[in-house]
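Trainee: Hi, could you walk me through this one? I'd like to start with the ligand.

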Amino acid sequence: MLIKNDQDMIKNYLEDTSVMPGAKAEAVIIAESQDEIPQILKEASKNHTPITISSGKTGTTGGCIPLKGKILSVEKLNKIININKKNLTATVECGVVLEDLQKALAKENLVYLPDPTESTCLLGGTLATNASGSRTFKYGPTRNHVKRIKVVLSTGEILDIERGKIFAEGRRFETIKCDLPSYEMPMIKNAAGYYVYDNMDLIDLFIGSEGTLGVIVEMDLKIAVKPEKIFGGIVYFNNPKDCLNFVKEVRQISLESKKSGDITKLSAASIEYLDQYTLDLIREKNPSIPKDAKAAIFFEQESTETVEDDLLQQWSDLIEKHGADLDQCRIALTELEDKELKEIRHSIPETINEIFKRTGFQKLATDIAVPADAFDEMMAYYDEILKPLSIHHLAFGHIGNYHLHVNQLPKNNEEKELALKNIKLFVTKAVQLGGTISAEHGIGKIKKPYLKIMYGENGIKEMAAVKKALDPALILNLDNIFEEKYLR
Ligand SMILES: Cc1cc2nc3c(=O)[nH]c(=O)nc-3n(C[C@H](O)[C@H](O)[C@H](O)COP(=O)(O)OP(=O)(O)OC[C@H]3O[C@@H](n4cnc5c(N)ncnc54)[C@H](O)[C@@H]3O)c2cc1C
(Lines give C-alpha, C1' and ligand atoms only; values in the text may rest on other atoms or scores of the structure.)
Protein backbone atom coordinates (compact mmCIF):
# COMPACT_ATOMS: atom_id res chain seq x y z
CA MET A 1 0.00 0.00 0.00
CA LEU A 2 1.02 3.61 -0.46
CA ILE A 3 0.52 6.16 2.30
CA LYS A 4 0.50 9.89 1.63
CA ASN A 5 0.69 12.27 4.60
CA ASP A 6 1.67 15.41 2.73
CA GLN A 7 -1.33 17.76 2.69
CA ASP A 8 -0.45 18.84 -0.86
CA MET A 9 -0.89 15.23 -2.02
CA ILE A 10 -4.05 14.76 0.07
CA LYS A 11 -5.66 17.85 -1.48
CA ASN A 12 -6.78 15.95 -4.59
CA TYR A 13 -8.84 13.60 -2.43
CA LEU A 14 -10.78 16.31 -0.61
CA GLU A 15 -13.42 17.03 -3.22
CA ASP A 16 -16.12 15.55 -5.41
CA THR A 17 -18.63 17.61 -7.44
CA SER A 18 -20.63 18.78 -4.40
CA VAL A 19 -18.32 21.73 -3.52
CA MET A 20 -18.88 20.71 0.11
CA PRO A 21 -16.71 22.68 2.54
CA GLY A 22 -14.87 21.35 5.63
CA ALA A 23 -12.88 18.47 4.08
CA LYS A 24 -9.97 17.27 6.20
CA ALA A 25 -7.83 14.13 6.49
CA GLU A 26 -4.60 13.04 8.15
CA ALA A 27 -3.48 10.73 5.35
CA VAL A 28 -4.49 8.83 2.22
CA ILE A 29 -3.96 5.08 2.18
CA ILE A 30 -3.87 3.80 -1.39
CA ALA A 31 -4.53 0.07 -1.37
CA GLU A 32 -2.53 -1.81 -4.00
CA SER A 33 -4.29 -5.14 -3.63
CA GLN A 34 -7.58 -6.45 -2.26
CA ASP A 35 -5.68 -8.49 0.33
CA GLU A 36 -4.51 -5.32 2.07
CA ILE A 37 -8.02 -4.05 2.80
CA PRO A 38 -8.93 -6.36 5.76
CA GLN A 39 -5.70 -5.46 7.57
CA ILE A 40 -6.13 -1.72 6.90
CA LEU A 41 -9.67 -1.83 8.31
CA LYS A 42 -8.76 -4.02 11.32
CA GLU A 43 -5.99 -1.59 12.21
CA ALA A 44 -8.29 1.42 11.83
CA SER A 45 -10.96 -0.31 13.96
CA LYS A 46 -8.43 -1.03 16.68
CA ASN A 47 -7.33 2.61 16.73
CA HIS A 48 -10.82 4.03 16.16
CA THR A 49 -9.55 5.89 13.08
CA PRO A 50 -12.39 7.07 10.84
CA ILE A 51 -11.97 5.85 7.26
CA THR A 52 -13.58 7.50 4.22
CA ILE A 53 -13.61 5.46 1.02
CA SER A 54 -12.52 7.34 -2.08
CA SER A 55 -13.24 6.07 -5.57
CA GLY A 56 -13.66 8.19 -8.75
CA LYS A 57 -14.70 11.31 -6.77
CA THR A 58 -17.45 12.09 -9.29
CA GLY A 59 -20.20 11.85 -6.65
CA THR A 60 -22.46 14.85 -6.12
CA THR A 61 -23.21 14.63 -2.39
CA GLY A 62 -19.86 14.71 -0.57
CA GLY A 63 -19.95 10.95 0.13
CA CYS A 64 -16.21 10.44 -0.52
CA ILE A 65 -15.19 13.65 1.26
CA PRO A 66 -13.59 13.05 4.68
CA LEU A 67 -14.21 15.31 7.67
CA LYS A 68 -11.56 13.59 9.81
CA GLY A 69 -9.42 10.45 10.01
CA LYS A 70 -7.91 8.82 6.93
CA ILE A 71 -8.93 8.27 3.33
CA LEU A 72 -8.86 4.78 1.82
CA SER A 73 -8.43 5.06 -1.93
CA VAL A 74 -9.39 2.03 -4.04
CA GLU A 75 -8.22 3.54 -7.34
CA LYS A 76 -5.46 0.91 -7.80
CA LEU A 77 -7.81 -2.06 -7.41
CA ASN A 78 -8.49 -1.82 -11.11
CA LYS A 79 -8.30 -5.31 -12.58
CA ILE A 80 -10.87 -6.57 -15.01
CA ILE A 81 -10.62 -10.14 -13.71
CA ASN A 82 -12.76 -11.94 -16.25
CA ILE A 83 -15.26 -11.35 -19.03
CA ASN A 84 -17.42 -14.42 -19.47
CA LYS A 85 -19.15 -14.24 -22.86
CA LYS A 86 -21.03 -17.45 -22.25
CA ASN A 87 -22.87 -16.52 -19.06
CA LEU A 88 -22.63 -12.78 -19.77
CA THR A 89 -20.81 -11.82 -16.58
CA ALA A 90 -17.90 -9.45 -15.99
CA THR A 91 -15.88 -9.96 -12.81
CA VAL A 92 -14.09 -6.76 -11.87
CA GLU A 93 -12.35 -5.05 -8.98
CA CYS A 94 -13.99 -1.99 -7.49
CA GLY A 95 -11.47 0.49 -8.91
CA VAL A 96 -12.13 -0.27 -12.58
CA VAL A 97 -13.16 2.89 -14.45
CA LEU A 98 -16.61 2.49 -16.01
CA GLU A 99 -15.28 3.66 -19.39
CA ASP A 100 -12.45 1.09 -19.30
CA LEU A 101 -14.92 -1.73 -18.72
CA GLN A 102 -17.10 -0.45 -21.60
CA LYS A 103 -14.06 -0.35 -23.93
CA ALA A 104 -13.00 -3.88 -22.98
CA LEU A 105 -16.56 -5.14 -23.50
CA ALA A 106 -16.99 -3.33 -26.82
CA LYS A 107 -14.06 -5.33 -28.25
CA GLU A 108 -16.17 -8.45 -27.64
CA ASN A 109 -19.36 -6.82 -28.96
CA LEU A 110 -20.68 -6.66 -25.38
CA VAL A 111 -21.94 -3.85 -23.17
CA TYR A 112 -22.61 -3.07 -19.49
CA LEU A 113 -26.02 -1.44 -19.62
CA PRO A 114 -26.01 1.06 -16.70
CA ASP A 115 -24.91 4.45 -17.98
CA PRO A 116 -24.62 7.02 -15.16
CA THR A 117 -23.63 9.84 -17.59
CA GLU A 118 -20.14 10.33 -16.11
CA SER A 119 -17.91 7.58 -17.50
CA THR A 120 -14.87 8.38 -15.30
CA CYS A 121 -16.55 7.00 -12.17
CA LEU A 122 -15.24 3.71 -10.73
CA LEU A 123 -17.49 0.68 -10.58
CA GLY A 124 -17.29 0.35 -6.77
CA GLY A 125 -18.56 3.93 -6.51
CA THR A 126 -21.48 3.16 -8.79
CA LEU A 127 -22.48 0.19 -6.61
CA ALA A 128 -22.04 2.16 -3.39
CA THR A 129 -24.41 4.85 -4.71
CA ASN A 130 -26.61 2.52 -6.80
CA ALA A 131 -26.01 4.92 -9.70
CA SER A 132 -28.58 5.26 -12.46
CA GLY A 133 -28.55 7.62 -15.43
CA SER A 134 -30.48 7.97 -18.64
CA ARG A 135 -30.87 4.31 -19.65
CA THR A 136 -32.34 3.45 -16.25
CA PHE A 137 -35.71 4.05 -17.89
CA LYS A 138 -35.30 0.78 -19.78
CA TYR A 139 -32.75 -1.18 -17.77
CA GLY A 140 -33.22 -0.10 -14.15
CA PRO A 141 -30.50 1.13 -11.77
CA THR A 142 -27.07 -0.43 -11.14
CA ARG A 143 -28.51 -2.78 -8.49
CA ASN A 144 -30.39 -4.73 -11.21
CA HIS A 145 -27.07 -5.56 -12.89
CA VAL A 146 -25.13 -6.89 -9.90
CA LYS A 147 -24.87 -10.66 -9.44
CA ARG A 148 -22.25 -10.91 -6.70
CA ILE A 149 -20.18 -8.67 -4.46
CA LYS A 150 -17.21 -9.21 -2.19
CA VAL A 151 -17.32 -6.84 0.76
CA VAL A 152 -14.77 -6.26 3.51
CA LEU A 153 -16.31 -5.24 6.84
CA SER A 154 -14.50 -2.94 9.25
CA THR A 155 -13.77 -6.00 11.42
CA GLY A 156 -11.69 -7.41 8.54
CA GLU A 157 -14.32 -10.10 7.86
CA ILE A 158 -14.90 -10.79 4.15
CA LEU A 159 -18.44 -11.45 2.91
CA ASP A 160 -18.84 -13.02 -0.53
CA ILE A 161 -22.49 -12.44 -1.38
CA GLU A 162 -24.13 -13.97 -4.40
CA ARG A 163 -27.56 -12.68 -5.41
CA GLY A 164 -30.31 -15.15 -4.58
CA LYS A 165 -28.45 -16.94 -1.76
CA ILE A 166 -28.92 -15.05 1.54
CA PHE A 167 -32.32 -13.66 2.46
CA ALA A 168 -33.73 -11.86 5.50
CA GLU A 169 -36.56 -13.35 7.51
CA GLY A 170 -39.04 -10.52 7.33
CA ARG A 171 -36.90 -7.59 8.48
CA ARG A 172 -34.09 -9.51 10.20
CA PHE A 173 -30.83 -11.03 8.95
CA GLU A 174 -29.98 -13.79 11.40
CA THR A 175 -26.63 -14.48 9.64
CA ILE A 176 -25.33 -11.00 10.45
CA LYS A 177 -27.50 -10.53 13.56
CA CYS A 178 -29.09 -7.39 12.29
CA ASP A 179 -32.63 -5.98 12.33
CA LEU A 180 -33.62 -3.96 9.29
CA PRO A 181 -35.42 -0.61 9.31
CA SER A 182 -39.20 -0.84 9.34
CA TYR A 183 -39.94 1.95 6.81
CA GLU A 184 -41.52 1.27 3.43
CA MET A 185 -39.62 2.66 0.44
CA PRO A 186 -41.55 4.39 -2.35
CA MET A 187 -42.03 1.97 -5.25
CA ILE A 188 -40.20 4.22 -7.70
CA LYS A 189 -36.57 4.85 -8.65
CA ASN A 190 -34.98 5.46 -5.26
CA ALA A 191 -31.49 5.79 -3.77
CA ALA A 192 -32.34 7.39 -0.42
CA GLY A 193 -31.04 5.61 2.67
CA TYR A 194 -30.64 1.86 3.16
CA TYR A 195 -32.57 -0.20 0.63
CA VAL A 196 -34.88 -2.51 2.57
CA TYR A 197 -37.87 -4.72 1.88
CA ASP A 198 -39.40 -7.80 3.51
CA ASN A 199 -37.34 -11.00 3.10
CA MET A 200 -34.74 -9.01 1.18
CA ASP A 201 -31.57 -10.26 -0.49
CA LEU A 202 -28.45 -9.37 1.53
CA ILE A 203 -26.70 -8.07 -1.59
CA ASP A 204 -29.29 -5.28 -1.83
CA LEU A 205 -28.46 -3.97 1.65
CA PHE A 206 -24.86 -3.25 0.62
CA ILE A 207 -25.67 -1.83 -2.82
CA GLY A 208 -26.52 1.84 -2.29
CA SER A 209 -25.28 1.89 1.33
CA GLU A 210 -22.74 4.62 0.41
CA GLY A 211 -19.73 2.90 1.97
CA THR A 212 -21.19 3.00 5.50
CA LEU A 213 -21.35 -0.79 5.92
CA GLY A 214 -18.23 -2.12 4.20
CA VAL A 215 -15.77 -1.74 1.32
CA ILE A 216 -16.98 -3.42 -1.87
CA VAL A 217 -13.77 -4.79 -3.37
CA GLU A 218 -14.97 -7.04 -6.19
CA MET A 219 -18.14 -7.71 -8.12
CA ASP A 220 -19.78 -9.85 -10.79
CA LEU A 221 -21.79 -7.67 -13.17
CA LYS A 222 -24.44 -8.69 -15.67
CA ILE A 223 -23.38 -7.74 -19.17
CA ALA A 224 -25.27 -7.96 -22.46
CA VAL A 225 -24.69 -8.44 -26.16
CA LYS A 226 -24.42 -4.99 -27.74
CA PRO A 227 -27.64 -3.99 -29.52
CA GLU A 228 -27.24 -4.29 -33.30
CA LYS A 229 -28.03 -0.60 -33.72
CA ILE A 230 -29.02 2.35 -31.59
CA PHE A 231 -30.37 5.69 -32.71
CA GLY A 232 -31.06 8.82 -30.74
CA GLY A 233 -32.48 12.27 -31.13
CA ILE A 234 -33.18 15.66 -29.62
CA VAL A 235 -36.69 16.96 -30.14
CA TYR A 236 -37.43 20.65 -29.47
CA PHE A 237 -40.82 21.97 -28.36
CA ASN A 238 -42.09 25.55 -28.37
CA ASN A 239 -44.67 24.67 -25.73
CA PRO A 240 -43.57 22.78 -22.57
CA LYS A 241 -47.07 21.22 -22.26
CA ASP A 242 -46.63 19.55 -25.68
CA CYS A 243 -43.30 18.22 -24.46
CA LEU A 244 -44.83 16.68 -21.33
CA ASN A 245 -47.65 15.09 -23.35
CA PHE A 246 -45.07 13.67 -25.75
CA VAL A 247 -43.21 12.14 -22.78
CA LYS A 248 -46.39 10.55 -21.43
CA GLU A 249 -47.15 8.88 -24.75
CA VAL A 250 -43.55 7.74 -25.36
CA ARG A 251 -43.48 6.27 -21.84
CA GLN A 252 -46.76 4.46 -22.25
CA ILE A 253 -45.86 2.94 -25.61
CA SER A 254 -42.35 2.03 -24.41
CA LEU A 255 -43.60 0.29 -21.29
CA GLU A 256 -46.10 -1.71 -23.35
CA SER A 257 -43.40 -2.69 -25.91
CA LYS A 258 -41.03 -3.74 -23.12
CA LYS A 259 -43.74 -5.94 -21.64
CA SER A 260 -44.59 -7.56 -24.96
CA GLY A 261 -40.96 -7.86 -26.08
CA ASP A 262 -42.01 -6.72 -29.57
CA ILE A 263 -38.85 -5.22 -31.12
CA THR A 264 -40.80 -3.68 -34.01
CA LYS A 265 -42.53 -1.27 -31.61
CA LEU A 266 -41.13 2.03 -30.35
CA SER A 267 -39.35 1.45 -27.04
CA ALA A 268 -37.16 4.22 -25.63
CA ALA A 269 -33.96 3.31 -23.78
CA SER A 270 -33.65 6.91 -22.51
CA ILE A 271 -36.13 9.76 -22.18
CA GLU A 272 -34.34 12.87 -20.91
CA TYR A 273 -35.75 16.35 -20.33
CA LEU A 274 -34.12 19.75 -20.84
CA ASP A 275 -36.10 22.83 -19.81
CA GLN A 276 -35.86 26.23 -21.49
CA TYR A 277 -33.17 27.46 -19.07
CA THR A 278 -31.08 24.35 -19.58
CA LEU A 279 -31.22 24.95 -23.35
CA ASP A 280 -30.15 28.58 -22.74
CA LEU A 281 -27.21 27.35 -20.65
CA ILE A 282 -25.79 25.09 -23.36
CA ARG A 283 -26.83 27.10 -26.46
CA GLU A 284 -23.50 28.87 -26.75
CA LYS A 285 -21.70 25.53 -27.15
CA ASN A 286 -24.56 24.16 -29.27
CA PRO A 287 -25.72 26.95 -31.60
CA SER A 288 -28.11 24.63 -33.48
CA ILE A 289 -30.56 24.76 -30.55
CA PRO A 290 -33.56 26.73 -31.89
CA LYS A 291 -33.96 30.17 -30.28
CA ASP A 292 -37.66 29.74 -29.52
CA ALA A 293 -37.36 26.23 -28.00
CA LYS A 294 -39.02 26.09 -24.57
CA ALA A 295 -38.22 22.45 -23.78
CA ALA A 296 -36.50 19.46 -25.35
CA ILE A 297 -36.36 15.69 -25.09
CA PHE A 298 -33.29 13.60 -25.72
CA PHE A 299 -34.12 9.97 -26.48
CA GLU A 300 -32.39 6.75 -27.47
CA GLN A 301 -33.86 3.66 -29.14
CA GLU A 302 -32.31 0.27 -29.77
CA SER A 303 -32.96 -1.13 -33.23
CA THR A 304 -31.85 -3.54 -35.91
CA GLU A 305 -31.14 -3.08 -39.61
CA THR A 306 -34.52 -4.58 -40.52
CA VAL A 307 -36.73 -2.57 -38.16
CA GLU A 308 -34.87 0.76 -38.09
CA ASP A 309 -36.89 2.53 -40.80
CA ASP A 310 -40.15 1.45 -39.24
CA LEU A 311 -39.07 2.59 -35.77
CA LEU A 312 -37.88 5.95 -37.14
CA GLN A 313 -41.30 6.41 -38.73
CA GLN A 314 -43.04 5.69 -35.41
CA TRP A 315 -40.86 8.30 -33.65
CA SER A 316 -41.47 10.86 -36.47
CA ASP A 317 -45.22 10.34 -36.25
CA LEU A 318 -45.21 10.91 -32.49
CA ILE A 319 -42.95 13.95 -32.73
CA GLU A 320 -45.26 15.58 -35.29
CA LYS A 321 -48.40 14.58 -33.39
CA HIS A 322 -47.13 16.56 -30.37
CA GLY A 323 -46.37 19.73 -32.31
CA ALA A 324 -42.59 19.56 -32.68
CA ASP A 325 -40.96 20.52 -35.97
CA LEU A 326 -39.26 17.45 -37.48
CA ASP A 327 -36.87 19.67 -39.44
CA GLN A 328 -35.54 21.12 -36.20
CA CYS A 329 -34.92 17.72 -34.59
CA ARG A 330 -31.41 16.38 -34.50
CA ILE A 331 -31.41 12.66 -35.16
CA ALA A 332 -28.33 10.49 -34.68
CA LEU A 333 -28.30 7.32 -36.75
CA THR A 334 -24.77 6.09 -36.17
CA GLU A 335 -23.00 5.22 -32.94
CA LEU A 336 -20.68 8.19 -33.49
CA GLU A 337 -23.57 10.63 -33.97
CA ASP A 338 -25.30 9.19 -30.89
CA LYS A 339 -22.08 9.76 -28.94
CA GLU A 340 -22.12 13.41 -30.07
CA LEU A 341 -25.71 13.82 -28.84
CA LYS A 342 -24.78 12.22 -25.52
CA GLU A 343 -21.93 14.67 -25.18
CA ILE A 344 -24.46 17.50 -25.42
CA ARG A 345 -26.48 15.78 -22.66
CA HIS A 346 -23.33 15.28 -20.57
CA SER A 347 -22.33 18.93 -21.00
CA ILE A 348 -25.35 19.97 -18.88
CA PRO A 349 -24.24 18.61 -15.47
CA GLU A 350 -20.63 19.36 -16.39
CA THR A 351 -21.39 23.04 -17.06
CA ILE A 352 -23.45 23.29 -13.88
CA ASN A 353 -20.70 21.65 -11.82
CA GLU A 354 -18.19 24.14 -13.27
CA ILE A 355 -20.44 27.04 -12.23
CA PHE A 356 -20.77 25.75 -8.66
CA LYS A 357 -17.02 25.21 -8.45
CA ARG A 358 -16.36 28.71 -9.79
CA THR A 359 -18.81 30.46 -7.48
CA GLY A 360 -17.80 28.30 -4.49
CA PHE A 361 -21.41 27.60 -3.45
CA GLN A 362 -22.18 24.04 -2.35
CA LYS A 363 -24.20 22.27 -5.04
CA LEU A 364 -27.89 23.19 -4.82
CA ALA A 365 -29.50 20.50 -6.94
CA THR A 366 -32.45 18.25 -6.27
CA ASP A 367 -32.55 14.55 -7.11
CA ILE A 368 -36.29 14.11 -6.64
CA ALA A 369 -38.47 11.49 -8.33
CA VAL A 370 -42.22 11.16 -7.84
CA PRO A 371 -44.82 8.59 -8.92
CA ALA A 372 -46.16 9.05 -12.46
CA ASP A 373 -49.55 10.34 -11.33
CA ALA A 374 -47.91 13.03 -9.16
CA PHE A 375 -45.52 14.44 -11.73
CA ASP A 376 -47.77 17.20 -13.13
CA GLU A 377 -48.41 18.45 -9.59
CA MET A 378 -44.67 18.43 -8.81
CA MET A 379 -43.90 20.36 -12.00
CA ALA A 380 -46.59 22.91 -11.19
CA TYR A 381 -45.09 23.27 -7.70
CA TYR A 382 -41.59 23.96 -9.09
CA ASP A 383 -43.12 26.74 -11.21
CA GLU A 384 -45.17 28.11 -8.34
CA ILE A 385 -42.08 28.49 -6.14
CA LEU A 386 -39.43 29.44 -8.70
CA LYS A 387 -41.24 31.56 -11.30
CA PRO A 388 -41.77 34.62 -9.04
CA LEU A 389 -38.10 34.58 -7.98
CA SER A 390 -35.15 36.07 -9.82
CA ILE A 391 -32.75 33.27 -8.79
CA HIS A 392 -31.18 31.55 -11.81
CA HIS A 393 -32.57 28.02 -12.00
CA LEU A 394 -32.92 25.18 -14.46
CA ALA A 395 -34.36 21.68 -14.57
CA PHE A 396 -33.19 18.67 -16.54
CA GLY A 397 -32.93 14.93 -16.18
CA HIS A 398 -34.47 11.54 -16.31
CA ILE A 399 -38.10 12.37 -17.05
CA GLY A 400 -38.74 8.77 -18.15
CA ASN A 401 -38.57 7.94 -14.43
CA TYR A 402 -40.28 11.22 -13.48
CA HIS A 403 -36.96 12.19 -11.94
CA LEU A 404 -35.54 15.69 -12.49
CA HIS A 405 -32.58 17.66 -11.18
CA VAL A 406 -33.73 21.19 -10.37
CA ASN A 407 -30.60 23.31 -9.98
CA GLN A 408 -30.51 26.77 -8.44
CA LEU A 409 -27.43 28.88 -9.18
CA PRO A 410 -27.19 31.64 -6.55
CA LYS A 411 -25.24 34.84 -7.11
CA ASN A 412 -24.87 35.71 -3.43
CA ASN A 413 -25.47 34.38 0.10
CA GLU A 414 -28.99 35.75 0.24
CA GLU A 415 -29.93 33.73 -2.87
CA LYS A 416 -28.16 30.69 -1.46
CA GLU A 417 -30.32 30.81 1.69
CA LEU A 418 -33.42 31.19 -0.49
CA ALA A 419 -32.35 28.23 -2.63
CA LEU A 420 -31.93 26.07 0.48
CA LYS A 421 -35.42 27.01 1.63
CA ASN A 422 -36.78 26.13 -1.81
CA ILE A 423 -35.09 22.72 -1.76
CA LYS A 424 -36.70 21.98 1.60
CA LEU A 425 -40.09 22.91 0.14
CA PHE A 426 -39.48 20.67 -2.90
CA VAL A 427 -38.41 17.60 -0.92
CA THR A 428 -41.31 18.03 1.52
CA LYS A 429 -43.78 18.24 -1.37
CA ALA A 430 -42.19 15.23 -3.09
CA VAL A 431 -42.46 13.12 0.07
CA GLN A 432 -46.12 14.17 0.47
CA LEU A 433 -46.70 12.98 -3.09
CA GLY A 434 -45.14 9.56 -2.37
CA GLY A 435 -41.79 10.43 -3.96
CA THR A 436 -38.14 10.22 -2.98
CA ILE A 437 -35.64 12.92 -2.03
CA SER A 438 -32.90 11.04 -3.90
CA ALA A 439 -33.52 8.86 -6.91
CA GLU A 440 -29.89 8.24 -7.92
CA HIS A 441 -27.15 10.29 -6.23
CA GLY A 442 -27.69 9.09 -2.68
CA ILE A 443 -27.61 11.16 0.49
CA GLY A 444 -23.88 11.51 1.15
CA LYS A 445 -23.17 14.31 3.58
CA ILE A 446 -25.14 17.18 2.06
CA LYS A 447 -28.65 15.68 1.87
CA LYS A 448 -28.95 14.26 5.38
CA PRO A 449 -31.53 16.77 6.69
CA TYR A 450 -33.96 15.75 3.95
CA LEU A 451 -33.80 12.03 4.73
CA LYS A 452 -35.51 12.71 8.05
CA ILE A 453 -38.42 14.23 6.15
CA MET A 454 -38.73 10.97 4.21
CA TYR A 455 -38.21 8.28 6.88
CA GLY A 456 -38.63 10.21 10.15
CA GLU A 457 -36.34 10.22 13.17
CA ASN A 458 -37.18 6.57 13.85
CA GLY A 459 -36.14 5.50 10.35
CA ILE A 460 -32.77 7.22 10.83
CA LYS A 461 -32.26 5.49 14.19
CA GLU A 462 -33.08 2.13 12.62
CA MET A 463 -30.50 2.74 9.86
CA ALA A 464 -27.91 3.67 12.49
CA ALA A 465 -28.62 0.35 14.26
CA VAL A 466 -27.80 -1.53 11.02
CA LYS A 467 -24.49 0.32 10.79
CA LYS A 468 -23.68 -0.44 14.43
CA ALA A 469 -24.24 -4.15 13.78
CA LEU A 470 -21.97 -4.26 10.71
CA ASP A 471 -19.35 -1.65 11.63
CA PRO A 472 -19.01 -2.09 15.43
CA ALA A 473 -15.98 0.21 15.74
CA LEU A 474 -17.95 2.90 13.87
CA ILE A 475 -15.18 3.95 11.49
CA LEU A 476 -16.56 3.66 7.94
CA ASN A 477 -17.80 6.70 6.01
CA LEU A 478 -19.01 8.52 9.12
CA ASP A 479 -21.52 11.28 8.51
CA ASN A 480 -22.76 9.71 5.29
CA ILE A 481 -26.56 9.12 5.16
CA PHE A 482 -27.11 10.08 8.84
CA GLU A 483 -25.33 12.22 11.40
CA GLU A 484 -22.71 10.59 13.61
CA LYS A 485 -24.73 11.51 16.72
CA TYR A 486 -27.16 8.67 15.90
CA LEU A 487 -24.34 6.17 16.43
CA ARG A 488 -23.50 7.25 19.95
C1 LIG B 1 -21.12 15.24 -15.01
C2 LIG B 1 -21.69 14.21 -14.09
C3 LIG B 1 -22.87 13.56 -14.41
C4 LIG B 1 -23.41 12.58 -13.54
N5 LIG B 1 -24.56 11.96 -13.90
C6 LIG B 1 -25.04 10.96 -13.12
C7 LIG B 1 -26.22 10.26 -13.50
O8 LIG B 1 -26.82 10.53 -14.53
N9 LIG B 1 -26.65 9.28 -12.68
C10 LIG B 1 -26.00 8.95 -11.51
O11 LIG B 1 -26.45 8.04 -10.81
N12 LIG B 1 -24.90 9.61 -11.13
C13 LIG B 1 -24.41 10.60 -11.89
N14 LIG B 1 -23.29 11.28 -11.50
C15 LIG B 1 -22.71 10.98 -10.17
C16 LIG B 1 -21.58 9.95 -10.09
O17 LIG B 1 -20.97 9.71 -11.32
C18 LIG B 1 -22.02 8.71 -9.42
O19 LIG B 1 -22.49 8.96 -8.11
C20 LIG B 1 -20.91 7.63 -9.33
O21 LIG B 1 -21.58 6.44 -9.15
C22 LIG B 1 -19.89 7.79 -8.19
O23 LIG B 1 -18.77 6.97 -8.46
P24 LIG B 1 -17.31 7.39 -8.02
O25 LIG B 1 -16.40 6.27 -8.32
O26 LIG B 1 -16.94 8.70 -8.56
O27 LIG B 1 -17.52 7.46 -6.44
P28 LIG B 1 -17.10 8.55 -5.37
O29 LIG B 1 -17.69 9.85 -5.69
O30 LIG B 1 -15.62 8.49 -5.14
O31 LIG B 1 -17.83 7.91 -4.09
C32 LIG B 1 -19.23 7.85 -4.02
C33 LIG B 1 -19.63 7.17 -2.69
O34 LIG B 1 -19.38 5.77 -2.74
C35 LIG B 1 -18.47 5.36 -1.69
N36 LIG B 1 -17.62 4.33 -2.29
C37 LIG B 1 -16.87 4.45 -3.40
N38 LIG B 1 -16.28 3.28 -3.70
C39 LIG B 1 -16.68 2.39 -2.76
C40 LIG B 1 -16.41 1.01 -2.55
N41 LIG B 1 -15.61 0.32 -3.36
N42 LIG B 1 -16.99 0.41 -1.48
C43 LIG B 1 -17.83 1.09 -0.65
N44 LIG B 1 -18.10 2.40 -0.81
C45 LIG B 1 -17.53 3.05 -1.86
C46 LIG B 1 -17.72 6.63 -1.34
O47 LIG B 1 -17.16 6.61 -0.04
C48 LIG B 1 -18.83 7.66 -1.49
O49 LIG B 1 -19.66 7.64 -0.37
C50 LIG B 1 -22.73 12.26 -12.33
C51 LIG B 1 -21.53 12.90 -12.02
C52 LIG B 1 -21.01 13.86 -12.88
C53 LIG B 1 -19.71 14.51 -12.52
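Trainee: What does the side chain of Asn477 have 2.8 Å from an oxygen atom of the ligand?
Mentor: An N or O atom: the side chain of Asn477 places one 2.8 Å from a ligand oxygen. That fits the cut-off for a polar contact, a pair of N or O atoms within 3.5 Å. Keep in mind that this is a predicted model, where local features need pLDDT of at least 70 and side-chain atom pairs pLDDT 80 or more, while totals for chains, interfaces and linings use all residues. Residues are numbered from 1 along each chain as its sequence is written, and side-chain values use heavy atoms, with hydrogens and water left out.

Trainee: How much of the ligand's accessible area does the protein cover?
Mentor: On its own the ligand has 980 Å² of accessible area, and the protein covers 97% of that. The areas come from the Shrake-Rupley method with a 1.4 Å probe.

Trainee: And which part of Lys57 lies 2.8 Å from a ligand oxygen, backbone or side chain?
Mentor: The backbone: one of its N or O atoms is 2.8 Å from an oxygen atom of the ligand. With Ser55, a polar side-chain atom lies 2.8 Å from a ligand oxygen.

Trainee: Which residues come nearest to the ligand?
Mentor: Ile53, Ser55, Gly56, Thr58 and Thr117, out of 36 residues around the ligand. A residue is included if one of its heavy atoms lies within 4 Å.

Trainee: How does that shell divide into nonpolar, polar and charged?
Mentor: There are 11 nonpolar, 21 polar and 4 charged residues. Gly counts as polar here, and the charged ones are Asp, Glu, Lys and Arg.

Trainee: Which element gives the largest share of the shell?
Mentor: Helix α4, with 5 residues. Helices are DSSP runs (H or I, at least four residues), and strands are too (E, at least two).

Trainee: Switching to sheets: what is the order of the 5 strands in the open one?
Mentor: The order is β5-β6-β12-β8-β9, with antiparallel pairing. Two strands pair if DSSP finds at least two bridges between them. β5 and β9 stand at the edges with a single partner strand each, so one side of each has no neighbour in the sheet.

Trainee: How many bridges pair β8 with β9?
Mentor: 5, in the antiparallel sense. Ile149 has Ile161 in β9 as its bridge partner.

Trainee: What about the sheet of 4 strands, how is that ordered?
Mentor: That open sheet runs β1-β2-β4-β3, and its pairing is mixed. β1 and β3 are the edge strands, each pairing on one side only.

How values were computed:
A polar contact is a pair of N or O atoms within 3.5 Å; within protein, one must be able to donate a hydrogen and the other to accept it, and residues adjacent in sequence count only if both atoms are side-chain atoms.
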